[in-house]
Amino acid sequence: MTSTLDKLHAILRRDLLTAIRHRSGFVVALVGVFTELAAFYFLSRAIGPGFRPGGVEYFPFLLVGTGIYTFFVMSAQSFLSAVQEAQQTGTLEVLMTTSTAPAELVILSSISAFAGNLVNLLVYLFAGVAVFRASIHANFFSCAAVLVLSLAIALALGIAAATLQVAFQKGSAVLWLLGSGLWFLSGTMFPIQSLPRPLELLARAVPLTYAVDGMRRALIEGQSMIAMTGTLAVLAGFGVVLLPLALAGLSLSLRRARQNGTLSFY
Amino acid sequence: MDRIVFESVLKIFRHRPALFNWLGRERGGETIALKDVSFSAARAEVLVFLGPNGSGKTTALKLISTMLLPDAGSVRVGGFDARRNAGEVRRQVGIAVAAERSFFPRLSARENLDFFAALDEVPRCERAQRINEVLQDTGLEEQADTLVMKFSSGMYQRLGIARALVKRPSVLLLDEPTRSLDAATTAHFWATIRALARQETTVLLATHNFAEAAAVADRLLLLHRGELLADRPVSGGESAEVLRSYYFRMTGEVDEAVLKR
């Protein structure tokens, strides 16, 4: 346990130092957050107060939807980028020869990637509430439960992207799917009930739909965990199924890459 | 007991052309990197792989480090099979690969070493001291706190060696370790290799440098087109020139230096 915490500390420190030494990165990210929020704020004003998807104001609806969506995609993206960068610099091969098991390394690295994106999400939501006056009635415990369960799913998606990157050097394909398909289907910008029936059914099979919906109910409406039992159970179910599958896939692809000598191919 | 046992190892790299390859000229096929190669290495022994490019030297080192898995035969380190007990093997092995820049560019040399030492489970209380030692051994004390993105090729190479040493492995694998080093650092490095062997470390080193082989080797393994042509001891008095003529005689390659005389 001490050793695992020590490794996590080393990975967090590496990522933090790397992030702060990209001097302009923070400023650019912050400007990006405010620009995006401003765009959504004026979009909701242009549409007018009459449009209340699911009975809530449109700006908080967009704030939570896009915040969670970005958290998912950026988590998978940062995870994939870490693998791609490690392949390009040759660190992936070296990392695979350390005493740390590949699965442990992947999970610890993902915690670090998610920590950074979690901070971004909190800044995004905070700015939406504090600067753009989004109206929320947060239930802390429900928010935490949705976030933790969503993390497991985001982790699985990140690992899936990394797996495809190691196996076929095409992890970006997964992100393309995330970027366009999930954006359209997960109810980020509009309620999924607006979709034609077959697409609505498809949207209900997408884990991100439940993460977005759950966070809206917890953060905007302040619903309790008991009221959200169904959504939390679905999120947990997705996590229980997807996470072991993604880890098994990654383990298989790493083994195959070591067999074929393609670990550092990109 | 032998610390490394390589038994009838076969390693084949299969090449599949990319999708939509009709636009390019890439062809499928396979390369036999190692063919039925067997050897062993004892505690405190320094083995040097000599052989032309593509002879299988790096592949052999990568198989021992578990970066690669064999297609047939077995690789055992300290009694553990590299396929079935990869974790146990990795705990014993330190490797310095020839590829430069396998570091995190925005971390300093010390921070990189600290990161890899943590993943190699070097106890936290010992880490700073060990890092200082290997930085000194590789002549990087003055650059210890410089971001490695500012390093030269030679510094990267030294840092790679430092990374391999910091876990104090019982098996040290070195792929062309002095390729970019200056003469003084090279001489110091050869002395370090012999000192490690005296401390019971098994060292496997791949090189094209006959002087290096003569300076550090207890045994010479000559690889050619994936086959082990020779496995013989190197006596203390053998010079680089002797090893050079032996190499060209065994491989049948043309020594242009002799032709020019």
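Colleague: Which residues of α5(B) are buried?

Modeller: In this predicted model, the buried ones in α5(B) are Met155(B), Gln157(B), Arg158(B), Leu159(B), Gly160(B), Ile161(B), Ala162(B), Arg163(B), Ala164(B), Leu165(B) and Val166(B).

Colleague: What makes α5(B) largely enclosed by the rest of the structure?

Modeller: A residue is buried when 20 or more other C-beta atoms lie within 10 Å of its own. In α5(B), 11 of the 14 residues are buried, so the helix is largely enclosed. The cover over those buried residues includes β6 (93-96), α3 (109-119), α4 (124-137), β7 (171-175) and α6 (183-198) of chain B.

Colleague: How do you know that the length of α5(B) is close to the expected one?

Modeller: Set the span against 1.5 Å a residue: helix α5 of chain B, residues 153-166, reaches 20 Å from its first C-alpha to its last, and 20 Å is expected. Just after this helix, Arg168(B) has a positive phi of about 50 degrees.

Colleague: Over to chain A. How does α10(A) do against its expected span?

Modeller: Helix α10(A) covers residues 229-260, so 1.5 Å times one less than its 32 residues is the figure to match. The expected value is 46 Å, and the helix reaches 46 Å, so the two are close. Gly261(A) follows, with a positive phi near 75 degrees.

Colleague: Which residues of α10(A) are buried, and what covers them?

Modeller: Among them are Leu232(A), Leu235(A), Phe238(A), Ala246(A), Leu250(A) and Leu254(A). Helices α5 (102-130), α6 (140-168) and α9 (207-219) of chain A are included in what covers the buried residues of α10(A).

Colleague: Why is Gln165(A) called buried?

Modeller: Count its neighbours: Gln165(A) has 28 other C-beta atoms within 10 Å. The cut-off is 20 or more, so Gln165(A) is buried. This glutamine sits in helix α6 of chain A. Leaving out residues up to four places away in sequence, Gln165(A) touches Leu80(A), Val83(A), Gln84(A), Lys170(A) and Gly171(A).

Colleague: And what makes Phe72(A) stand out in the largest nonpolar core?

Modeller: Its contacts: in that core of 145 residues, Phe72(A), Ala76(A), Val48(B) and Ile64(B) have the most contacts inside it. Helix α3 of chain A, residues 58-89, gives the largest share of this core, with 18 residues. Contact here takes C-beta atoms within 7 Å. Setting aside residues up to four places away in sequence, Phe72(A) touches Ala154(A), Leu157(A), Leu178(A) and Leu208(A).

How values were computed
Residues are numbered from 1 along each chain as its sequence is written. Chains are lettered from A and ligands numbered from 1 in the order in which they are written. This is a predicted model: local features need pLDDT of at least 70, side-chain atom pairs count only at pLDDT 80 or more; totals for chains, interfaces and linings use all residues. Helices (H or I, at least four residues) and strands (E, at least two) are DSSP runs, numbered from the N terminus. A residue is buried if 20 or more other C-beta atoms lie within 10 Å of its own, exposed if 12 or fewer, and partly exposed in between; C-beta atoms are placed from the backbone. Two residues are in contact if their C-beta atoms, placed from the backbone, lie within 7 Å. A nonpolar core is a set of buried Ala, Val, Leu, Ile, Met, Phe, Trp, Tyr and Cys residues joined through C-beta atoms within 7 Å.
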